[in-house]
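Reader: I should like to discuss the charged side-chain contacts of this protein. Please show me the sequence and the structure before we begin.

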Amino acid sequence: MIANIITALRIVFAGAMIFCPVFSPQFYGFYIAAGISDMIDGTVARKTGSSSEFGARFDSAADLFFVAAAGVKIFPEISLPKFIWIWTGVIAVVKIARIVVACIRQKKFSIPHSIANKITGFLLFIFPLTIPFVDVRVSAGVVCAVATVAAVF
């Protein structure tokens, strides 16, 4: 129960980000709060014995909402080279194909939570935090390289 509340808070924080100026302290506050909720909800579910299929799906939906909200705010504000967009598209196609194949084989929707996917998620999370300090082409390239490994293996 508490884990699902934490997951729901991620959706609330992500929604609040949409109404904040991008890269403002308020935006980063909601962004970081949403990220922390993502890091702890699964642990709380396991520690309290409240893990469930619903919770896993709710977590994936909250992740999707968080990523979409962050993307809507961040991507119009940064300039990424065309090759990064193409690379990202190829990664997305590979990941979607793997999910579809897994759904067909297992007869249920499943998104792998591998270590490589967790590292990719962490790098995606810190990407907007690096924008003031690191050239976005460099940090985006690192994220894409790790995401490629996660998508293929």
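Reader: How far apart, N to O, are the side chains of arginine 137 and aspartate 135 in their salt bridge?

Author: This is a predicted model. A salt bridge requires the side-chain nitrogen and the carboxyl oxygen to lie within 4 Å. Arginine 137 and aspartate 135 meet this condition, with an N to O distance of 2.5 Å.

Reader: Is arginine 137 buried or exposed, or does it fall in between?

Author: Buried residues have under 20% relative accessible area and exposed ones over 50%. Arginine 137 has 48%, so it is partly exposed. Its partner, aspartate 135, has 35% and is therefore also partly exposed.

Reader: Which residues are joined into one network by salt bridges that share partners?

Author: The structure holds six salt bridges. Arginine 10 forms one with aspartate 38, at 3.6 Å between the closest N and O atoms, and one with aspartate 63, at 3.2 Å. Through shared partners, one network joins Arg10, Asp38, Asp41, Asp59 and Asp63.

Reader: Which helices hold aspartate 38 and arginine 10, and how many residues apart are these parts in sequence?

Author: Arginine 10 belongs to helix H1 (residues 2-18), whereas aspartate 38 belongs to helix H2 (residues 25-47). The pair therefore ties together parts of the sequence separated by 28 residues.

Reader: At what relative accessibility does arginine 10 count as buried?

Author: The limit for a buried residue is under 20%. Aspartate 38, at 29%, therefore counts as partly exposed. Arginine 10 counts as buried because its relative accessibility is 0%.

Note on methods:
Residues numbered from 1 in each chain as written. Predicted model: local features only at pLDDT ≥ 70, side-chain atom pairs only at ≥ 80, totals over all residues. Heavy atoms only, no water. Helix = DSSP H or I, 4+ residues; strand = E, 2+ residues; numbered from the N terminus. Buried < 20%, exposed > 50% of the residue type's maximum accessible area, 1.4 Å probe, protein only.
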